[in-house]
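Colleague: Could you take one part of this model and look at it closely, setting out any terms before you rely on them? I would also like to know how the part you choose sits in its surroundings.

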Amino acid sequence: MALIQRALVVGGGLGGMCAAIQLSKQGVDVELLEINPNWAPDGAGITISGPTLRALRQIGVVDEVLRDGGSWRAMDICDANGDLTCTVPITATPGAEDLPGAAGILRPVLAEILSRATRQAGVRVRLGQTFQEVRQDEDGVDVTFNDGSRGRFDLVIGADGVNSAVRKLVLPNFAGPQFTGQGSWRAVVPRQRENGAMFMGRTTKAGMNPISENECYLFVLDKRADMDFIPEEQWPAMLAELLEEFGGDVGDIRKSLLEGSLRNPRLLYRPLAGHIVDAPWHKGRIVLLGDAVHATTPHLASGAGIAIEGAIVLAEELSHRHSLEAALTAYSMRHFERASLVVHASGRLGQIEQNGGSQQEHAQVMVSALEALRAPI
Ligand SMILES: Cc1cc2nc3c(=O)[nH]c(=O)nc-3n(C[C@H](O)[C@H](O)[C@H](O)COP(=O)(O)OP(=O)(O)OC[C@H]3O[C@@H](n4cnc5c(N)ncnc54)[C@H](O)[C@@H]3O)c2cc1C
């Protein structure tokens with residue numbers, strides 16, 4: 001008999017939707033709770049690494065992601081004026097040799113693709129909803145929702161992001177995410193190149209990755225003293241200042257920032273925080289997934305990837321273990337090393353950038369982490 005028949009997924013982000021889809025494929029009756037009534041993330045671009053494309057193929061949505069996003073097979077390394085220094089090919093990921101080396105897409109477009117797949121898989125989606133009370137016993141979990149309704153489930157999956165409320169039920173003493181000393185700037189701009197591109201300034205690196213036929217997103221990290229809120233009206237001038245040393249493509253974006261033609265929602269600032277929770281990631285019949293247990297900075301563009309891979313691993317372990325306790329333990333033991341690699345290597349890259357550390361070490365940490373992530377999950 002199957003280990004679980006009814007599951008509740010709290011959080012309809014990338015990890016939660018993928019867990020709901022994979023469990024539904026196994027015949028589990030899944031309900032998904034999403035607090036945002038519009039079920040829509042911010043309008044930023046996201047980079048999808050080769051291993052993440054491989055995972056999205058397993059979920060069943062890679063064709064739509066490639067159709068509605070942008071992809072590339074090489075990275076242009078340019079100087080601060082935008083002149084090409086070299087082009088580095090991105091080799092396809094083992095097990096996904098027919099797919100491009102990397103892709104990018106607007107987050108709301110990716111969320112729309114996955115939300116369609118979630119509904120098509122038969123998941124019952126409750127938008128604008130969260131839980132009020134959760135009580136578990138040996139045989140199940142009773143959940144009271146914020147509209148007063150109730151349900152009983154065999155498993156509750158907390159995929160409710162970096163500030164997870166479900167995490168408080170599993171790990172009441174966990175301190176929460178730590179600010180990493182950097183903020184992230186992202187802007188959606190017209191696509192200029194076939195390939196992804198990095199522009200190497202003296203003190204700042206800017207990247208530009210395609211997200212569709214015609215658009216790409218610029219990303220830049222900025223050393224910051226704290227997580228302070230920055231009013232949106234200050235964003236264009238602050239990013240323009242950060243991009244001062246750039247000419248060429250990045251210089252053109254700087255001009256549009258100064259002219260006022262690039263504002264939210266096409267421009268976004270977010271301070272960066274991260275954490276990795278020691279395994280196991282469950283207590284009884286409540287288990288955590290994605291940023292709730294392994295939130296990372298975007299240096300390896302793999303945070304969403306490990307949330308999606310975690311969903312696949314969790315569903316696989318639930319499908320073939322003999323007890324729920326064994327399945328949930330095996331899930332975190334199997335996924336911890338990969339998640340920890342992403343969080344720690346990304347954190348190290350951020351430290352080197354903030355301290356003006358060795359470029360050689362930066363390249364070596366990045367290359368060896370990306371190589372390790374090409375291994376099967
Ligand atoms: C600036 C930045 C850039 C990034 N760039 C990349 C990139 O290029 N590539 C990449 O792979 N990763 C990237 N990441 C990481 C990636 O965004 C995350 O790792 C990923 O979104 C995690 O997915 P998740 O499903 O765990 O959480 P989330 O995407 O945060 O989803 C959580 C969901 O839960 C919902 N929720 C929250 N609380 C409740 C509640 N109480 N009840 C019900 N629902 C609730 C939220 O509304 C949300 O929909 C980036 C991260 C940052 C900060």
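Modeller: For the classes used below, Ala, Val, Leu, Ile, Met, Phe, Trp, Tyr, Cys and Pro count as nonpolar, Asp, Glu, Lys and Arg as charged, and the others, Gly among them, as polar. The model is a predicted one, and I begin with the ligand before turning to a single helix. Of the 31 residues that surround the ligand, the closest are G11, G13, G161, G290 and G303, and by class this shell holds twelve nonpolar, 15 polar and four charged residues. At least two residues of the shell come from each of α1 (14–25), β2 (29–34), β3 (45–49), β17 (267–276) and α8 (303–320), with α8 giving the largest share, four residues.

The part I would examine closely is helix α7, residues 248–259, whose twelve residues reach 17 Å from the first C-alpha to the last, close to the 16 Å expected at 1.5 Å a residue. Its buried residues are D249, V250, I253, R254 and L257, and they lie on the same side of α7 because they cover an arc of only 145° around the axis. An α-helix has 3.6 residues a turn, so residues three or four places apart point the same way. The buried residues of α7 pack against four strands, β13 (178–190), β14 (196–200), β15 (205–210) and β16 (215–223), and against the helix α6 (235–242), whereas K255 and E259, on the other side of α7, are exposed. After α7 comes G260, with a positive phi near 90°.

How values were computed:
Residues numbered from 1 in each chain as written. Predicted model: local features only at pLDDT ≥ 70, side-chain atom pairs only at ≥ 80, totals over all residues. Near = placed C-beta within 6 Å. Expected span 1.5 Å × (residues − 1). Buried ≥ 20, exposed ≤ 12 C-beta atoms within 10 Å, placed from the backbone. Arc of directions from axis to C-beta. Contact = placed C-beta atoms within 7 Å.
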